Amino acid sequence: MSFCSFVGGEVYKDHFKPGIYVCSKCDYQLFSSRSKYEHSSPWPAFTETIHEDSVSKYKERPGAYKVRCGKCGNGLGHEFVNDGPSKGLSRF
């Protein structure tokens with residue numbers, strides 16, 4: 001499964017089959033379906049990455065980080081601080 005950009009509808013938001021999400025540009029492993037959770041935004045959301053360097057991120061504004069593939073720099077979306085299935089977890 002490739003993590004893909006939002007273009008009028010995110011096809012992986014409600015996709016919960018077991019598997020690994022990879023960068024759509026370089027196929028680097030990003031997230032496991034085991035760390036995916038349901039939420040109200042149009043994007044798929046995860047609580048953790050597969051590898052320590054699966055993603056890189058930089059602060060874009062207070063409470064929001066821009067997330068990129070840790071290997072090729074492909075844009076993946078945002079991480080929101082203190083947003084997630086339990087308080088204190090981040091959403092990618």
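This report walks through a predicted model of a protein, from its overall make-up to a few residues worth a visit.

## Overall make-up

Let us begin with the whole chain. The protein has zero helices and eight strands, so the order of elements from the N terminus reads β-β-β-β-β-β-β-β. Of its 92 residues, 37% count as buried. The exposed surface comes to about 5,500 Å², and carbon and sulfur atoms supply 48% of that area.

Contacts across the sequence also deserve a glance. Among contacts with a separation of 6 or more, 33% are between residues 24 or more positions apart.

## The three-stranded sheet

A good place to start looking is the open sheet built from three strands in the order β6-β7-β8, with antiparallel pairing. Strands β6 (55-61) and β8 (75-80) stand at the edges; each has a single partner strand, so one side of each is left without a neighbour in the sheet. On average, neighbouring strands here are turned by 30 degrees against each other, with direction ignored.

Strand β7, which covers residues 64-69, pairs with β8 in the antiparallel sense over five bridges. To find this pairing on screen, try Y65, whose bridge partner in β8 is E79.

## The β2-β3 hairpin

Next comes a hairpin. Strands β2 and β3 form it with five residues between them, and three bridges join these two antiparallel strands. One of the bridge pairs is I20 with S32 of β3.

The turn has a backbone detail to enjoy. D27 sits in the loop between β2 and β3, and its phi is positive, about 70 degrees, although D27 is not a glycine. Is D27 buried or exposed? With a relative accessibility of 55%, D27 counts as exposed, because the cut-off for that class is over 50%.

## Two neighbouring serines

S32 and S33 make a nice pair to view together. S32 is found in strand β3, and its relative accessibility of 11% makes it a buried residue. Leaving out residues up to four places away in sequence, S32 touches G19, I20, F46 and I50; I20 is also its bridge partner.

S33 lies in the loop between β3 (29-32) and β4 (36-37). At 15% relative accessibility, S33 counts as buried, because the limit for that class is under 20%. Beyond its neighbours within four places in sequence, S33 is in contact with K17, P18, G19 and Y21. With G19 there is a polar approach to inspect: a polar atom of the S33 side chain lies 2.9 Å from the backbone nitrogen of G19. G19 also appears among the residues that S32 touches.

## The nonpolar core

Which residues make up the largest nonpolar core? There are ten in all: Y21, C23, Y28, L30, F31, F46, V55, V67, C69 and L76. Strands β2 (20-23), β3 and β7 each supply at least two residues of this core. As background, nonpolar side chains tend to be buried together in soluble globular proteins.

Several core members turn up elsewhere in this report. F46 belongs to the core and is touched by S32. Y21, another core residue, is in contact with S33.

## Two lysines to compare

Two lysines round off the tour. K36 is in strand β4, and it is buried, with a relative accessible area of 8%. Its C-alpha atom is separated by 4.3 Å from that of F46, and the two residues are ten apart along the chain. F46 is the core residue met above.

K71 lies in the loop between β7 and β8. Its relative accessibility is 57%, so K71 counts as exposed. Not counting neighbours within four places in sequence, K71 is in contact with C26 and Y28, and Y28 is part of the largest nonpolar core. The C-alpha atoms of K71 and S54 are separated by 7.1 Å, with the two residues 17 apart along the chain.

Methods. Residues numbered from 1 in each chain as written. Predicted model: local features only at pLDDT ≥ 70, side-chain atom pairs only at ≥ 80, totals over all residues. Heavy atoms only, no water. Helix = DSSP H or I, 4+ residues; strand = E, 2+ residues; numbered from the N terminus. Buried < 20%, exposed > 50% of the residue type's maximum accessible area, 1.4 Å probe, protein only. Contact = heavy atoms within 4.5 Å. Areas by Shrake-Rupley, 256 points an atom, 1.4 Å probe, with all protein chains shown as cover. Pairing = 2+ DSSP bridges. Axes fitted to C-alpha atoms, helices over the stretch in contact; angles between N-to-C directions. Polar contact = N/O pair within 3.5 Å; in protein donor to acceptor, adjacent residues only side chain to side chain. Core = buried A, V, L, I, M, F, W, Y, C linked by side-chain atoms within 4.5 Å.
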